[in-house]
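Visitor: I should like to learn how to read the packing of a protein model. May we work through it feature by feature?

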Amino acid sequence: WLWTVYLILTVSETILLMFGGMDLFLLSSGIGFQNMDLKMEIELNTARTNVEGFTRMVDTAFSYFKNNGGGHLAVISSIAGTKGLGVAPAYSATKRFQNTYIDALEQLAHLQKLNIHFTDIRPGFVATDLLNDGKHYPMLMKTDQVGRDIVRALHRKQRVAIIDGRYRILVFFWRMIPRWIWKRLPVKTK
């Protein structure tokens, strides 16, 4: 697995040189599973992909922008990073990691006086293959509208973009729920 990531990073750097560089890096990668039985392999694979893979790709982009006068580093994380979702512990924890990591990189760029802009795109449930598992997902968004919203957020260089107004309202209220109430909520899909 690590060899594959190293190969991708090496090829990516070669491609960048061939095409004259990049202005925008958008990472859209990750895995997630409902795992109420806490199967260890599922949790660890999610962490390897969503934390280790994420870190390797984002740090490579950061270093590229640092060495080449700046750019725009954007990632697609998730609203799942807002609160721990009991049905998908590793997924929500790794998405929180991504949110915090981008915050830290933004501060690092500021401390080093780098011209790097950051966008953390946080969608909710999108009708993609990731959710094509026969379960019912509330407020499922269509990919074409989500794509337009992502492009708009990138053009505006929004720092955090929660995709879809319904999810912005949901996240607003999620943040206000005290932990002792949150743990009692039956947050799950059918």
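Visitor: In which element is Asn45 placed?

Guide: This is a predicted model. In it, Asn45 sits in helix α2. Its relative accessible area is 29%, so Asn45 is partly exposed. Although Asn45 and Ala90 are 45 residues apart in sequence, their C-alpha atoms are 9.1 Å apart in space.

Visitor: Where is Val51 found, and what does Val51 touch beyond residues up to four places away in sequence?

Guide: Val51 is found in helix α2 as well. Leaving aside residues up to four places away in sequence, Val51 touches Thr46, Thr94 and Phe97. Val51 is partly exposed, with a relative accessible area of 24%. Between Val51 and Arg96 the C-alpha to C-alpha distance is 10.0 Å, with 45 residues separating them in sequence.

Visitor: How should one describe two helices that pack together?

Guide: Two packed helices are described by the angle between their axes and by the distance between those axes. In this model, the axes of α2 and α3 come within 9 Å and cross at roughly 15°. Angles under 35 degrees count as roughly parallel, and α2 and α3 are therefore roughly parallel to each other. The crossing in which α2 passes α3 is right-handed.

Visitor: Which residues in α2 and α3 meet?

Guide: From α2 the contact includes Glu43, Thr46, Ala47, Asn50, Val51, Phe54, Thr55, Val58, Asp59 and Phe62. Among their partners in α3 are Pro89, Tyr91, Thr94, Phe97, Gln98, Tyr101, Ile102, Leu105 and Leu108.

Visitor: How do the residues of this contact divide by chemical character?

Guide: The contact of α2 with α3 has 14 nonpolar, five polar and three charged residues.

Visitor: How is a pair of aromatic rings to be read, and how many such pairs does a search of the whole structure find?

Guide: A pair of aromatic rings is described by the distance of the centres and the angle of the planes. The search of the whole structure finds five aromatic pairs. One of them is formed by Phe54 and Phe97, with 6.3 Å from centre to centre and 75° between the planes. Plane angles over 60 degrees count as edge-to-face, and the pair of Phe54 and Phe97 is edge-to-face. This pair links distant parts of the chain, 43 residues apart: Phe54 belongs to α2 (residues 40-67) and Phe97 to α3 (residues 89-111).

Visitor: Are Phe54 and Phe97 buried or partly exposed?

Guide: Phe54 is buried, because its relative accessible area of 3% is under 20%. Phe97 has a relative accessible area of 29% and is therefore partly exposed.

Visitor: Which residues do ring pairs link into a cluster?

Guide: Phe54, Phe97 and Tyr101 are linked into a cluster by ring pairs.

Visitor: Let us turn to the backbone. Which loop holds Leu38, and what is the phi of Leu38?

Guide: Leu38 is placed in the loop between β1 (24-27) and α2. The phi of Leu38 is near 50°, a positive value in a residue other than glycine. Lys113 also has a positive phi, near 55°, and is likewise a residue other than glycine. The loop that holds Lys113 runs between α3 and β3 (116-122). Lys113 is exposed, with a relative accessible area of 76%.

Visitor: Finally, how many helices and strands does the protein chain have, and how do its elements run?

Guide: The protein chain has six helices and four strands. From the N terminus on, its elements run α-β-α-β-α-β-α-β-α-α. Of the 190 residues in the protein chain, 38% are buried. Among contacts between residues at least 6 apart in sequence, 70% join residues at least 24 apart.

Methods: Residues are numbered from 1 along each chain as its sequence is written. This is a predicted model: local features need pLDDT of at least 70, side-chain atom pairs count only at pLDDT 80 or more; totals for chains, interfaces and linings use all residues. Side-chain values use heavy atoms; hydrogens and water are left out. Rings of Phe, Tyr and Trp (its six-membered ring) pair if their centres lie within 6.5 Å; planes under 30 degrees apart count as stacked, over 60 as edge-to-face and the rest as tilted. Helices (H or I, at least four residues) and strands (E, at least two) are DSSP runs, numbered from the N terminus. Buried means under 20% relative accessible area, exposed over 50%, partly exposed in between (1.4 Å probe, protein chains only). Axes are lines fitted to C-alpha atoms, for helices over the stretch in contact, and angles run from 0 to 180 degrees between N-to-C directions. Angles under 35 degrees count as roughly parallel, over 145 as roughly antiparallel, 65 to 115 as roughly perpendicular and the rest as oblique. A crossing is left-handed if the near helix is turned anticlockwise from the far one by less than a right angle, and right-handed if clockwise. Contact means heavy atoms within 4.5 Å. Ala, Val, Leu, Ile, Met, Phe, Trp, Tyr, Cys and Pro count as nonpolar, Asp, Glu, Lys and Arg as charged, and the others, Gly among them, as polar.
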